[in-house]
Amino acid sequence: MKKILLTGGGTAGHVTPNLALLPSLRKLGYEIHYMGSYDGIEKRLIADYDIPYYGISTGKFRRYASLKNLTDPFRVLKGFSEAKKTIRQIRPDIVFSKGGFVSVPVVRAAAFLKIPCIIHESDMTPGLANKLCFRSADRICCNFPETVRNLPAKKAVLTGSPIREELLSGDRLQGLRLCNFATDKPVIMIIGGSTGARAINQTVRASLDQLLAEYQIVHLCGKGNLDESLSNRNGYRQFEYVKNELKDLFAMADMVISRAGANSICELLALKKPNLLIPLPLSCSRGDQILNAESFAAQGYSMVLPEEDLTPETLVTKIRELYGNREGYIDAMNNSSQMNAVNTIIGLIEKLTSEKSK
């Protein structure tokens, strides 16, 4: 039986693309293992999938002054030793990494043991953790055409991001029933991320009178961000977070307003949802969401509204413009070469696994 070791963690975005590969890997008969941190989010997310999980020590590589910069290198070295020991026991044919700092000792240990490694970079500009793995990787997958120029030429592959199969199987009518929405009025879906986005939430709610005259709104506002005073507004439904229902809400939505995290916008591309992106500003990020959004806008997949320009007036104007031009965005997404990320990545896994066995 072929064996694969998956790794990645620290945020859900470093785990969910791994989960998207599981159905195809299982169909091909792979024995699947997962390596992450002792108690990170990846451990909780993997728990539902009946996959052996191995925790290792990990540390963060900081670009700023911190006392932890003195101790974390020792945690990383311990993680490398633990990963190497466990990999020798598992004896995987290949390692696939979605990034995050926990992946660095895993990829380095696998390469030390001559096991082929594929890593995936979601953002336009590679993060530090993945940069530290470039030399150890056999292939480096990415989401954006612009990223290919920043990767080692013989290793770079434009794949897009793996999308979970279940997101493609939503039921529009089920979504409408869940929200108690009418069938003859367009629906806007607002996604602020798992913790919400205060600026987006506040501006959407300040615009409700204008927006609800033309649209229905389902608002994923993040934990602790419900506004109970709006619970009875006709055509407006808010959730802190959804899991199994997400596919139906996506199927129901005519447009999506979202941050510009790489995995999120690749889901919108796969679902062909006209979208307005409001990326995290430079004041609270390294600017990767801004670059992601600019790339999708340049390819004709998205409209962009910088948070600095976000007001009730600009939001309503952009939404009307997006809805009026929605068919053009759908056409551009239909012509994308980044639609079959799962198949492309599985093909790379199969190729390297086959080469190793010769």
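Q: In what order do the strands β8 to β13 stand in their open sheet, and in which sense do they pair?
A: This is a predicted model, in which local features need pLDDT of at least 70, side-chain atom pairs count only at pLDDT 80 or more, and totals for chains, interfaces and linings use all residues. Residues are numbered from 1 along each chain as its sequence is written, and side-chain values use heavy atoms, with hydrogens and water left out. The six strands have the order β10-β9-β8-β11-β12-β13, with parallel pairing. Each counts as a strand because it is a DSSP run of E with at least two residues, numbered from the N terminus; a helix is a run of H or I with at least four.

Q: What makes β10 and β13 edge strands?
A: β10 (236–239) and β13 (302–304) each pair on one side only. From one strand to the next, the twist averages 20°.

Q: How do you know that β8 and β11 pair?
A: Four bridges join β8 (residues 187–191) to β11 (residues 255–258). DSSP must find at least two bridges for a pair, so these strands qualify. At one position, M189 has V256 of β11 as its bridge partner.

Q: Which strands does helix α6 touch, and at what angle does it run to β10?
A: Helix α6 (residues 172–179) packs on β8, β9 (216–220) and β10, touching each (heavy atoms within 4.5 Å). Its direction makes about 90° with that of β10, where axes are lines fitted to C-alpha atoms, for helices over the stretch in contact, and angles run from 0 to 180 degrees between N-to-C directions. Helix α11 (residues 288–298) lies across β12 (275–277) and β13, at about 130° to β13.

Q: Which strands are the edges of the sheet β3-β2-β1-β4-β5-β6-β7?
A: The edges of this open, parallel sheet of seven strands are β3 (53–56) and β7 (156–158). Strand β6 (residues 139–142) pairs with β7 over three bridges, and C141 stands opposite V157 in β7.

Q: Which helices lie across β1 and β4?
A: Helix α1 (residues 16–27) lies across β1 (3–7), β2 (31–37) and β4 (94–97), at about 170° to β1. Helix α14 (residues 341–357) lies across β1, β4, β5 (117–121), β6 and β7, at about 155° to β4.

Q: Why is the space lined by T16, P17 and A20, among others, called a cavity?
A: A cavity is a set of points on a 1 Å grid over the protein atoms alone where a 1.4 Å probe fits but cannot get out. There is one such cavity of 30 Å³ or more, with a volume of about 40 Å³. Its lining (residues with an atom within 4 Å of a point) also includes S161, P162, I163, R164, N263 and E267. Helices α1 and α10 (262–271) each give two or more residues, and α1 has the largest share, three.

Q: What makes the backbone nitrogen of K3 and the side chain of D93 a polar contact?
A: The nitrogen lies 2.7 Å from a polar atom of the D93 side chain. The limit is 3.5 Å between N or O atoms, one able to donate a hydrogen and the other to accept it, so the pair qualifies. D93 itself lies in the loop between α3 (68–90) and β4, and touches residues including M1, I115, P116 and T353.

Notes
1 Å grid on protein atoms, 1.4 Å probe; cavity = no way out; pocket = protein on both sides within 12 Å on 5 of 7 lines; lining within 4 Å. Points joined across faces, edges and corners; volume = space filled by probe spheres on them. Lists of a residue's contacts leave out its neighbours within four places in sequence.
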